[in-house]
Amino acid sequence: MKRRTIIFGGALALTLPRGGRSALTAPDTIHTFNYDNVLGTSLQVRVAAPSAGQARTAANAVLAEISRQAKILSTWDPRSEVSRWQRT
């Protein structure tokens with residue numbers, strides 16, 4: 001099975017299965033999204049997708065996953081799981 005890799009944050013990568021696309025579908029294009037103040041820094045997400053809408057959906061999934069992980073692992077947010085654990 002072919003896989004698609006989405007690299008974000010310079011150090012993290014999300015790999016998604018490409019699925020059963022036929023030879024008649026549009027070729028993938030690289031779509032670039034820039035964000036500020038993601039975990040206190042800037043972030044560029046580059047997604048290979050056949051349409052801008054699909055690329056935006058993938059970029060939103062990346063941001064949602066970063067947010068989910070931050071709620072667990074942030075040492076700056078006193079409400080995160082790690083911060084609560086450190087206080088015990």
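**View 1. A hairpin made by strands E3 and E4.** In this predicted model, just 2 residues sit between E3 and E4 in the hairpin. Leu 39 is in that turn, and its phi is positive, at about 55°. The two strands run antiparallel, with E3 covering residues 29-38 and E4 covering residues 41-49. Count the bridges that join E3 to E4 and you get 8. For one of the pairings, look at Ile 30: its bridge partner in E4 is Ala 48.

**View 2. His 31 and its surroundings.** Now zoom in on His 31, which has its place in strand E3. Is this residue buried or exposed? His 31 has a relative accessible area of 16%, and since anything under 20% counts as buried, His 31 is buried. Setting aside neighbours within four places in sequence, His 31 is in contact with Val 45, Arg 46, Val 47 and Ala 49, and also with Ser 51, Ala 52 and Ala 55.

**View 3. The largest nonpolar core.** Here are 12 residues, among them Phe 33, Tyr 35, Leu 43, Val 47, Ala 58 and Ile 66. Which elements give two or more residues to this core? They are E3, E4 and helix H1, the helix spanning 52-73. H1 gives the most, with 5 residues.

**View 4. Phe 33, one of the core residues, close up.** Leave out residues up to four places away in sequence, and Phe 33 touches Leu 43, Gln 44, Val 45 and Val 47, plus Ala 55, Arg 56 and Ala 59. Val 45, Ala 55 and Ala 59 from that list also belong to the largest nonpolar core.

Methods:
Residues numbered from 1 in each chain as written. Predicted model: local features only at pLDDT ≥ 70, side-chain atom pairs only at ≥ 80, totals over all residues. Heavy atoms only, no water. Pairing = 2+ DSSP bridges. Helix = DSSP H or I, 4+ residues; strand = E, 2+ residues; numbered from the N terminus. Buried < 20%, exposed > 50% of the residue type's maximum accessible area, 1.4 Å probe, protein only. Contact = heavy atoms within 4.5 Å. Core = buried A, V, L, I, M, F, W, Y, C linked by side-chain atoms within 4.5 Å.
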